[in-house]
Amino acid sequence: MSAWHTALAQLFLEHRARLERLVRRRTGDGDRAADLVQESFLRLLAAGGTGSTPGDTRLLYAVTRNAAIDQQRSARRRAAAMQALAPEQLRSEDAAADAGFDARAALTALEAALRELPDRTRKVFLLRRVDGLPHAEIAARLGMPVSTVEKHLLRAIRHCQSRLADHLDPS
């Protein structure tokens, strides 16, 4: 194992629990906090060290804080997008009420389908469809080739289509 890998492993052992607590306080989600901290260590591994343990530690905390902030912003955008759908779907007329009910059921099914996706696939889908990011920016953010982003996006779309087949209008 290289000196950098050894140093990073030591950073992981020393700071993982504290970083997870910090992210959990910010996001309110323990599982997501653990994922964000792991992603931060992977980003630091890919970026390489600064050459000093204090510098690497500061960089690790900055990367983790920024990942938590990005996650919060995305969550707020998703919540706003979901909230924006509901008022238009509800109407006082019987037919409109049925359509609103059907739309809410489809939205609930979509949320369930998204939860079934692997984390990276779901993240790619939300970054593209909710946040509107281009494939190249998603690839840069997640450290993967554009072709992998496209594969994740296609997998997410196919999965959602299959789960929502009962809710889609056949005409």
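**Exercise 1. The chain as a whole**

How many Å² does the chain expose, and what percentage of it do carbon and sulfur atoms supply? State also which secondary structure the chain has and what percentage of its residues count as buried.

*Solution.* The model is a predicted one, in which local features need pLDDT of at least 70 and side-chain atom pairs count only at pLDDT 80 or more, while totals for chains, interfaces and linings use all residues. Residues are numbered from 1 along each chain as its sequence is written, and side-chain values use heavy atoms, with hydrogens and water left out.

Step 1: the chain exposes about 10600 Å², of which carbon and sulfur atoms supply 54%, the areas coming from the Shrake-Rupley method with a 1.4 Å probe and, for residues, with only the protein chains shown counting as cover.

Step 2: the secondary structure amounts to seven helices and zero strands, where helices (H or I, at least four residues) and strands (E, at least two) are DSSP runs numbered from the N terminus.

Step 3: of the 171 residues, 33% count as buried; buried means under 20% relative accessible area, exposed over 50%, and partly exposed in between (1.4 Å probe, protein chains only).

Step 4: among contacts (heavy atoms within 4.5 Å) with a separation of 6 or more, 59% come from residues 24 or more positions apart.

**Exercise 2. The two sides of helix H7**

Compare the span of H7 with its expected value, and determine where its buried and exposed residues lie.

*Solution.* Step 1: H7 covers residues 146-163, and its 18 residues reach 26 Å from the first C-alpha to the last, close to the 26 Å expected at 1.5 Å a residue; the expected span is 1.5 Å times one less than the number of residues.

Step 2: the buried residues in H7 are Val149, His152, Leu153, Ala156, His159 and Cys160. Viewed down the axis of H7, these buried residues fall within an arc of 130 degrees, so they line one face of the helix, the arc being that of the directions from the helix axis to the C-beta atoms.

Step 3: the face of H7 turned away from the buried side carries the exposed residues Lys151 and Arg158.

**Exercise 3. Salt bridges between and within helices**

Count the salt bridges, and trace where the partners of three of them lie.

*Solution.* Step 1: a salt bridge requires a side-chain nitrogen of Lys or Arg within 4 Å of a carboxyl oxygen of Asp or Glu, and by this rule the count comes to nine.

Step 2: lysine 123 pairs with glutamate 39, their closest N and O atoms being 2.8 Å apart. Because lysine 123 lies in helix H5 (residues 119-129) and glutamate 39 in helix H2 (residues 30-47), this pair ties together parts that are 84 residues apart in sequence. Both lysine 123 and glutamate 39 are buried.

Step 3: glutamate 116 and arginine 163 form a salt bridge at 2.7 Å, N to O, which links distant parts of the chain, with glutamate 116 in helix H4 (residues 94-116) and arginine 163 in helix H7, 47 residues apart. Glutamate 116, at 47% relative accessibility, counts as partly exposed, and arginine 163, at 43%, counts as partly exposed.

Step 4: aspartate 119 and arginine 122 meet in a salt bridge of 3.0 Å, N to O; they are three residues apart in helix H5 and therefore separated by about one helical turn. Salt bridges that share partners join Arg32, Glu39, Asp119, Arg122 and Lys123 into one network.
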